[in-house]
Amino acid sequence: MKLIGMMDSPYVRRVAVSLTLYGIEFESQPLSVFSTFDAFSQQNPVVKAPTLVLDDGTLLMDSTLILNYFESVADASHTLLPQQPLALAEDLQLLGFILAASEKAVQYVYEHRLRPAEKQHQPWIERVTRQLLAACRAWEGALESRPPGDKADQVAVSSTVVWTFIQRMIPEVVAAAEYPLIQRVSDRFEAQPAFQRYPHG
Ligand SMILES: N[C@@H](CCC(=O)N[C@@H](CS)C(=O)NCC(=O)O)C(=O)O
């Protein structure tokens, strides 16, 4: 099984860390969707990271779809989401905020790094920034009533890798001091072996 994509992507990293926690062996192939576009396209013509190639050649894309598959085949002691419907809905709500923050942060980065300065569209940047900060506020608020326990679950994984991505890429946009709970979760889990095995970058 091969996981294609670089660990500077919060989506690739959430899959790598989650697979490790599920106890699943895989080969990491750190191809870039930008600097190695052609090599990536030979693995997946759509060039989306993460791409996961199962041993029988089945190609899975999108971190949440990949994790859906492994969550459904994981044994009960290794699942990363709750089974009970109310607890599951609460976690999925929180993951929605985290993934929205991730998407908006990636859009912000692409707008600034991939577009020439004269083609950047300020109203779009302001819209994305507003959505990003709204998602971070909701994420911080949700962690207050649902702090992760000692064992890493999907909320802990996604919260940690997305926060590290945001703080490495655009700390000037999302001030860490305003989100102490998210920061605390990230500090705690980044020190754990599954996260250290696949560091950001
Ligand atoms: N919703 C997707 C987002 C994946 C995504 O946007 N990946 C970026 C890398 S961080 C990518 O493939 N960018 C290249 C492109 O979209 O062309 C997921 O959860 O996997």
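Around the ligand in this predicted model, the surrounding residues are Ser-9, Tyr-11, Val-33, Val-47, Lys-48, Ala-49, Pro-50, Asp-62, Ser-63, Thr-64 and Val-106. By class, this shell around the ligand comprises six nonpolar, three polar and two charged residues. The two charged members of the shell are Lys-48 and Asp-62, and the polar ones include Ser-9 and Thr-64.

I turn now to the domains. The chain is divided into domain 1, covering 2-78, and domain 2, covering 85-197. Their C-alpha centres are 20 Å apart. Where the domains touch, seven residues of domain 1 are in contact with eleven residues of domain 2. On the domain 1 side of that contact, three residues are nonpolar, two are polar and two are charged.

Let me finish with a pair of helices. Helix 5 spans residues 122-145 and helix 7 spans residues 180-190. How far apart are the axes of these two helices, and at what angle do they pack? The axes of helix 5 and helix 7 are 8 Å apart, and the packing angle is about 70°. An angle from 65 to 115 degrees counts as roughly perpendicular, and helix 5 and helix 7 are therefore roughly perpendicular to each other.

As for the residues involved, helix 5 contributes Trp-139, Glu-140, Leu-143 and Glu-144, which meet Leu-181, Ile-182 and Val-185 of helix 7. Sorted by class, this contact has five nonpolar and two charged residues, with no polar ones. The two charged residues are Glu-140 and Glu-144, both in helix 5.

Note on methods. Residues numbered from 1 in each chain as written. Predicted model: local features only at pLDDT ≥ 70, side-chain atom pairs only at ≥ 80, totals over all residues. Axes fitted to C-alpha atoms, helices over the stretch in contact; angles between N-to-C directions. Helix = DSSP H or I, 4+ residues; strand = E, 2+ residues; numbered from the N terminus. Parallel < 35°, antiparallel > 145°, perpendicular 65-115°, else oblique. Contact = placed C-beta atoms within 7 Å. Nonpolar A, V, L, I, M, F, W, Y, C, P; charged D, E, K, R; others polar. Near = placed C-beta within 6 Å. Domains from an automatic or database assignment.
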